[in-house]
Amino acid sequence: MFKPLEPFKELTTLQERINKMFEDVLPSFSLQDSKWLPAVDIYEADGNIQIEVEIPGMDEKDLKVKIEDNTLTISGERKFEKKESKENYYRIERNYGSFTRSFFLPDNVDKELIKAKYENGILKLELPKKLEAKPKEIEIAVQK
């Protein structure tokens with residue numbers, strides 16, 4: 001019987017075992033040292049890299065975006081605001097505390113032109129590519 005070739009299966013299994021070992025030995029171990037990590041979408045549109053970070057309920061003053069070397073770091077803190085009332089909380093599912101997300105930037109990103117805006121709970125970053133990095137079509141001259 002034919003068995004499909006899976007060259008990376010052993011590497012994936014090894015990585016899963018190492019991750020499990022760290023989770024068992026160091027339950028509070030975190031590579032990002034964050035209490036929570038917001039969801040992030042990264043895609044390319046109109047020749048630019050787009051990053052969208054889902055962080056509802058935050059003020060833009062509680063967010064920081066910085067670039068150091070070739071690393072883009074997004075960080076912030078969502079504070080738990082305890083409302084004084086006679087009602088007790090039975091369940092709290094929203095995440096609170098600080099977060100940090102870091103992304104390595106490719107060399108073709110123009111760091112000077114990066115734009116960030118925050119609206120409707122989504123932080124949107126636009127990372128334009130350098131002009132020389134964008135594909136350019138060369139017209140072919142026809143000789144008669």
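How many aromatic pairs does the rule yield? The count comes to 1 aromatic pair, where rings of Phe, Tyr and Trp (its six-membered ring) pair if their centres lie within 6.5 Å, with planes under 30 degrees apart termed stacked, over 60 edge-to-face and the rest tilted. The model is predicted, so that local features need pLDDT of at least 70 and side-chain atom pairs count only at pLDDT 80 or more, while totals for chains, interfaces and linings use all residues. Residues are numbered from 1 along each chain as its sequence is written, and side-chain values use heavy atoms, with hydrogens and water left out.

An open sheet of 4 strands follows the order β1-β2-β7-β6 with antiparallel pairing; strands (E, at least two residues) are DSSP runs numbered from the N terminus, and two of them pair if DSSP finds at least two bridges between them. At the edges stand β1 (40-45) and β6, each of which pairs on one side only. β1 and β2 (residues 48-54) are joined in the antiparallel sense over 6 bridges, and Asp41 stands opposite Glu52 in β2.

Two residues other than glycine have a positive phi. For Asp69, phi is near 55°, and the residue lies in the loop between β3 (63-68) and β4 (71-78). Asp69 is exposed (over 50% relative accessible area; buried is under 20%, partly exposed in between; 1.4 Å probe, protein chains only), at 64% relative accessibility. Asn120, with a phi of about 55°, occupies the loop between β6 (115-119) and β7 (122-128) and is exposed at 77%.
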